Amino acid sequence: MNMAMPSWLDIIGHSPDSWEDELGIKQAAENVKALMEQQMKNGIPSNRIILGGFSQGGALSLYTFLSTQQKLAGVTALSCWLPQRAAFPQGPISGVNRDISIPQCQGDYDPLVPLMFSSLTVRKLKTLVNPADVTFKTHEGVMHSSCQQEVMT
């Protein structure tokens, strides 16, 4: 695939065992954490911040949520995956974000982010956080785009 996405990270392949741009993922997460720090300096407590995104933005939101020490209000993940999935522990995280809501949605016709990636992400998230807080919905006939049902989640 080799799609350069310098705004977030490079996508190298479309299989669960494809090499991932670890450096790009970590740098992008640090950029998001810096934005969070700025919001906190402006008086917004971290527990009022929700991370969310679509595609790479959703992937980055999930990664940042699992790697921050700040208590968050939630995370929303649309048409995405968890980058560096294998780098996270096999059991529950012990951090401050173990019990936050994680709605995830995906179109069942998405040609860019295979539905299998979202399924693997949900399975992994349920081992890391309270499984009851992870919800996953597929939307029939939706490609790599959002839909009204997804936004309403």
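Which residues point one way from β3, and which the other way? In this predicted model, I102, Q104 and Q106 point to one side of the strand, whereas P103, C105 and G107 point to the other, and all are buried. Strand β3 is therefore largely enclosed by the rest of the structure, since 6 of its 6 residues are buried.

The pairing of β3 involves two other strands. With β2 (residues 74-78), β3 pairs in the parallel sense over 2 bridges. In this pairing, L78 has C105 of β3 as its bridge partner. Strands β3 and β4 also run parallel and are joined by 6 bridges. Here Q106 is matched with T138 of β4 as its bridge partner. Between these two strands the chain passes through α3, and the resulting β-α-β crossover from β3 to β4 is right-handed.

Helix α3, the connecting element of this crossover, comprises 14 residues (115-128). Its end C-alpha atoms are 20 Å apart, in agreement with the 20 Å that should be spanned at 1.5 Å a residue. The buried residues in α3 are F117, S118, L120, T121, V122, K124, L125 and L128. These buried residues pack against α2, β3 (102-107) and β4 (134-139). Strand β3 thus appears both as a bridge partner of β4 and as a packing surface for α3.

Ahead of β3, the loop between β2 and β3 contains S101. In contrast to the buried residues of β3, S101 is partly exposed, with a relative accessible area of 44%. Apart from residues up to four places away in sequence, S101 touches G74, V75 and D133. The C-alpha atoms of S101 and P131 are separated by 9.7 Å, although the two residues lie 30 residues apart along the chain.

Helix α2 (56-67) is one of the elements against which the buried residues of α3 pack. Within α2 lies S61, a residue that is buried, with a relative accessible area of 7%. When neighbours within four places in sequence are left aside, the contacts of S61 are L51, G52, G53, V75 and T76. V75 is therefore a contact shared by S61 and S101.

Helix α1 has 20 residues and reaches 28 Å from its first C-alpha to its last, close to the 28 Å expected at 1.5 Å a residue. Its buried residues are G24, I25, A28, A29, V32, K33 and M36. The cover over these residues includes β1 (50-54) and α2. Just after the helix, G43 adopts a positive phi of about 100 degrees.

A search of the whole structure finds 2 salt bridges. One joins the side chains of E22 and K26, with an N to O distance of 2.9 Å. Because E22 and K26 are 4 residues apart in helix α1 (residues 22-41), about one helical turn separates them. Both partners are partly exposed: E22 has a relative accessibility of 36%, and K26 one of 39%. The other salt bridge is formed by the side chains of K33 and E30, at 3.4 Å from N to O. K33 and E30 also lie in α1, 3 residues apart, or about one turn of the helix. In this pair, K33 counts as buried, at 16% relative accessibility, whereas E30 is partly exposed, with a relative accessible area of 42%. Side chains of opposite charge can pair when their charged atoms come close.

Confidence in the model varies along the chain. The average pLDDT is 87, and 86% of the residues score at least 70. Confidence is highest in β1, at 95, and lowest in helix α4 (residues 148-152), at a mean of 68. Where pLDDT is low, the predicted coordinates should not be read in detail.

Technical notes:
Residues are numbered from 1 along each chain as its sequence is written. This is a predicted model: local features need pLDDT of at least 70, side-chain atom pairs count only at pLDDT 80 or more; totals for chains, interfaces and linings use all residues. Side-chain values use heavy atoms; hydrogens and water are left out. A salt bridge is a side-chain nitrogen of Lys or Arg within 4 Å of a carboxyl oxygen of Asp or Glu. Buried means under 20% relative accessible area, exposed over 50%, partly exposed in between (1.4 Å probe, protein chains only). The expected span of a helix is 1.5 Å times one less than its number of residues. Contact means heavy atoms within 4.5 Å. Two strands pair if DSSP finds at least two bridges between them. A crossover is right-handed if, with the strands pointing away from the viewer, the path from the first strand over the helix to the second runs clockwise. pLDDT is the predictor's confidence in each residue, from 0 to 100.
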